[in-house]
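Subject: Structure for you to look at

Dear colleague,

I am handing over the structure below, and I would be grateful if you could open it beside this message. My notes on what was found follow it.

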Amino acid sequence: MHPPSLLRPLLSVTLALAAWPAPAQDVQVTVQPTREKFARSDEVLVRVTLHNRSAAPQFLLKWHTPVEGVQAPLFEVLRDGQPVRYLGIKAKRPAPGPGDYLRLEPGPSLASTVELSALYEMNVTGPYQLRYRTASGNLFAASGIRPVAGALASSQVGIWIDARLPRGATAPARQVAAGAGLEFSKCSNAQQEQLAAAVDAGKAMTVDAHNYLAAGSAGAQYGARYGTWFGAPDAGRAATVNTNFTAIRDAFETKPLKIDCGCNENYFAYVYPAQPYTVYVCKAFWSAPLTGTDSRGGTLLHELSHFDVVAATDDHVYGQQGAAELARSDPARAVNNADSHEYFGENTPAQN
């Protein structure tokens with residue numbers, strides 16, 4: 001069944017609460033979703049536009065605008081008429097100074113695109129009503145210097161989301177994906193879908209690697225796959241690798257894995273080894289393939305191996321060439337190297 005059209009005609013209005021002074025009436029804010037209906041794998045994008053209707057510049061506190069990213073609950077979001085949780089940050093800040101205000105010139109509009117599903121709990125299917133709504137005792141600044149109280153609100157618009165959970169479901173206290181123990185933080189609906197697939201891929205790699213090692217320990221000879229990444233077979237080292245993959249598999253299958261999407265660094269991912277089982281994924285992760293060399297699935301395998309309670313691996317070398325050389329020159333370190341475990345699990349190109 002297709003949902004009815006929920007996108008209401010957008011009225012360019014600014015509401016100033018009666019208690020707030022006049023400067024709020026000089027700035028209007030509008031919200032326009034990029035579509036009426038979003039799939040579970042879509043980013044929930046809206047366009048927020050600020051417009052100065054007066055003849056003079058207006059000064060608006062940056063923290064209450066999306067121009068540098070949303071860092072406060074700037075939207076009112078309802079699902080089936082009920083408020084949904086804000087998942088973003090709330091920060092204690094010092095009193096604002098002149099540099100904290102955005103100068104909004106008269107005439108031209110200032111528009112920003114905002115992804116909402118990483119900021120609000122939008123993982124349940126249904127109709128959502130959205131509007132921009134914020135107020136502060138120092139929202140505006142007279143002449144860019146003296147703080148002035150004010151409020152901004154747009155008209156309400158509606159969208160439909162076919163989300164991870166069915167309509168009518170009660171959203172859990174934390175965002176939990178289908179599948180035991182997988183949680184998300186700061187991840188959009190689209191990112192959650194990609195991460196669920198990456199977890200499945202990493203788990204499949206780990207199971208395959210674990211089964212290979214179990215066959216070897218049962219009497220079959222380890223082949224090129226083991227030798228490439230962990231060096232010449234040695235009973236003690238092989239037992240360590242087997243123990244490591246047993247623990248990595250257990251982490252994938254039974255532990256409360258949490259993935260945080262808030263990292264904007266250029267690397268793949270990172271963890272705090274003493275703080276299982278949270279993995280922080282970064283920019284390079286999103287451009288990686290699902291499987292294969294340096295993949296998303298392999299990255300999660302790599303990061304789980306770092307936890308002290310899993311395998312306590314280190315990063316002695318990075319990259320396939322370095323890992324292969326480490327296996328030849330120092331197999332004792334190879335069995336403690338995270339990339340060696342990742343490449344053994346990814347097995348690309350495939351070896352026996």
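**Salt bridges**

Asp250 has a relative accessible area of 33%, so this residue is partly exposed. Please keep in mind from the start that this is a predicted model. The partner of Asp250 is Lys255, and the side chains of the two meet in a salt bridge with 3.6 Å from N to O; Lys255 is itself partly exposed, with a relative accessible area of 27%. Salt bridges that share partners also occur, and they join Arg40, Arg164 and Glu193 into one network.

By the rule applied here, the count comes to 16 salt bridges, and two others are worth describing. In one of them Glu121 pairs with Arg85, the closest N and O atoms being 3.2 Å apart. This pair links distant parts of the chain, since Glu121 is in the loop between β8 (109–115) and β9 (126–142), while Arg85 is in the loop between β6 (82–83) and β7 (101–104), 36 residues apart. Glu121 counts as buried because its relative accessibility is 5%, whereas Arg85, with a relative accessible area of 39%, is partly exposed.

In the other, the side chains of Arg225 and Asp208 meet at 2.9 Å, N to O. Arg225 lies in helix α2 and Asp208 in helix α1, so this salt bridge ties together parts that are 17 residues apart in sequence. Here Arg225 counts as buried, at 3% relative accessibility, and Asp208 counts as partly exposed, at 39%.

**Disulfides**

How many disulfides does the structure hold? There are 2 disulfides, and, with bonded cysteines counted along the chain, they follow the pattern 1-2, 3-4.

One disulfide joins Cys187 to Cys261, with 2.0 Å from S to S. Cys187 lies in the loop between β12 (183–185) and α1 (189–217), and Cys261 in the loop between β13 (258–260) and β14 (269–270), so the pair ties together parts that are 74 residues apart in sequence. The torsion about the S-S bond of Cys187 and Cys261 is about 90°, and therefore the disulfide is right-handed. Both of these cysteines, Cys187 and Cys261, are buried.

Another disulfide is formed by Cys263 and Cys282, whose sulfur atoms are 2.1 Å apart. It links distant parts of the chain, with Cys263 in the loop between β13 and β14 and Cys282 in the loop between β15 (278–281) and α4 (283–287), 19 residues apart. For Cys263 and Cys282 the torsion about the S-S bond is about 100°, so this disulfide is right-handed. Cys263 is buried, and Cys282 is buried too.

**Helix α6**

Which residues of helix α6 are buried? In this helix, which runs over residues 320–329, the buried residues are Ala323, Ala324, Leu326 and Ala327. Because they cover an arc of only 160° around the axis, they are on the same side of α6. In general, an α-helix has 3.6 residues a turn, so residues three or four places apart point the same way. The other side of α6 carries Gln321, Arg328 and Ser329, which are exposed. As for what lies against the helix, the buried residues of α6 pack against α2 (224–230), α7 (331–334) and α8 (338–346).

With kind regards

How values were computed: Residues numbered from 1 in each chain as written. Predicted model: local features only at pLDDT ≥ 70, side-chain atom pairs only at ≥ 80, totals over all residues. Heavy atoms only, no water. Buried < 20%, exposed > 50% of the residue type's maximum accessible area, 1.4 Å probe, protein only. Helix = DSSP H or I, 4+ residues; strand = E, 2+ residues; numbered from the N terminus. Arc of directions from axis to C-beta. Contact = heavy atoms within 4.5 Å. Disulfide = S-S within 2.5 Å. Salt bridge = Lys/Arg side-chain N within 4 Å of Asp/Glu carboxyl O.
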